[in-house]
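Please look over the sequence and structure shown here. A short report follows.

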Amino acid sequence: MRYVLSPSILAADFTNLGEQIRLVEEQGAEYLHFDVMDGMFVPSISFGMPVLQSIKKATSQLMDVHLMVEEPIRYVKDFQNAGADNITVHLEACKDLRETIREVHSCGLRCGVSICPDTPVDAVREYLDDIEMVLIMSVYPGFGGQKFIPEALKRIQELREMIEKIEAPVDIEVDGGIYPSNVREVLDAGANVIVAGSAVFKGNPAENTKKFMEILKSYE
Ligand SMILES: O=C(CO)[C@@H](O)[C@H](O)COP(=O)(O)O
Ligand SMILES: [Fe+2]
C-alpha cells in the first residue's frame with residue numbers, strides 16, 4: 001500500500017504560498033490538499049479555480065481537491081481545467097452521487113467520496129467498486145485547526161475491513177486534526193492518505209513535513 005501526505009494549504013501563509021508549497025514538495029509530500037468551501041455546504045468560504053490554476057504551475061504535486069460544495073457536479077469541469085488530479089465530493093452534498101462520480105471520471109480524474117463524522121460508513125459501501133478513494137472526515141468540515149474526533153478511528157477500521165472484503169483498490173484518506181503525535185493511530189486503523197493543515201503549515205513546513213514523512217515511510 002502507498003502511504004501519502006497531502007498537506008492542506010488552508011493553513012498556509014498565503015503571502016508566501018509558492019515558497020511554502022516548494023518546502024513541502026521538497027520533503028516528499030506527493031499530494032497537495034486544496035479545500036474548496038462554498039459558504040453553503042459548510043459555513044465558510046475559502047478559494048477556488050484561479051488559485052488552483054496558479055498553484056498547479058508552481059509544483060508537480062498531485063492536486064487533491066476536496067470540494068465542500070453543494071452539488072459539486074456543477075464544478076467538476078472547471079476544477080479539471082484549473083488542474084485538479086483527484087476530485088473528492090461529499091456524499092451528503094450530491095443529489096445523484098453516481099452521476100457525479102461519472103462526471104469526475106469522464107474528465108479523466110480520480111474520484112474520492114467524503115463522509116462527515118455523522119454519516120454512517122456503510123453509506124459508501126455501494127460506491128466502493130466505482131471510486132478510487134474514500135475521505136473520512138475526522139472533524140466537522142468547514143474549518144482548519146479543529147480537534148481530531150477519536151470516533152473516526154473505528155470508522156476507518158470499519159471501512160478498511162469493508163474494502164478488504166471486496167478487494168477493491170480504494171485509498172482511505174483522513175482529514176482533520178492530524179499531527180505527528182496522533183498520525184500513527186490513524187495509520188494503524190487503516191488509513192493510507194493523510195491530510196494535515198495546521199500540523200504542516202503552522203511553524204516550519206519543511207521540518208513538519210519531514211516528521212510526517214518519516215512516520216509514513218516506516219509503514220511501507
Ligand atoms: O477539509 C478540511 C476542513 O474542513 C481540512 O482539510 C482542514 O484544512 C484540515 O486542517 P487541520 O485540521 O489539519 O488544521
Ligand atoms: Fe479537506
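Which residue in strand 8 is the bridge partner of Pro7? The partner is Ala196. This answer comes from a predicted model.

That bridge belongs to a parallel pairing. Strand 1 and strand 8, residues 193-196, pair over 4 bridges. Helix 8, residues 205-217, packs on the sheet and touches both strand 1 and strand 8. The direction of helix 8 makes about 155° with that of strand 1.

**The sheet**

Now the wider setting. The sheet is open and has 8 strands. Their order is 1-8-7-6-5-4-3-2, and the pairing is parallel. Strand 1 (4-7) and strand 2 (31-37) stand at the edges. Each has a single partner strand, so one side of each lacks a neighbour in the sheet. On average, neighbouring strands of this sheet are turned by 25° against each other, with direction ignored.

**The whole chain**

The chain contains 8 helices and 8 strands. Its overall values are listed below.

| Property of the chain | Value |
|---|---|
| Radius of gyration | 16 Å |
| Span of the C-alpha trace along the principal axes | about 40 × 35 × 30 Å |
| Share of the 220 residues that count as buried | 45% |

Why does the radius of gyration agree with a compact globule? With 220 residues, such a globule would have a radius near 17 Å, and the chain has 16 Å, so the two agree.

Contacts also link distant parts of the sequence. Among contacts with a separation of 6 or more, 65% come from residues 24 or more positions apart.

Terms used:
Residues numbered from 1 in each chain as written. Chains lettered and ligands numbered in written order. Predicted model: local features only at pLDDT ≥ 70, side-chain atom pairs only at ≥ 80, totals over all residues. Pairing = 2+ DSSP bridges. Helix = DSSP H or I, 4+ residues; strand = E, 2+ residues; numbered from the N terminus. Axes fitted to C-alpha atoms, helices over the stretch in contact; angles between N-to-C directions. Contact = placed C-beta atoms within 7 Å. Rg over C-alpha atoms; globule rule 2.2 N^0.38 Å. Buried ≥ 20, exposed ≤ 12 C-beta atoms within 10 Å, placed from the backbone.
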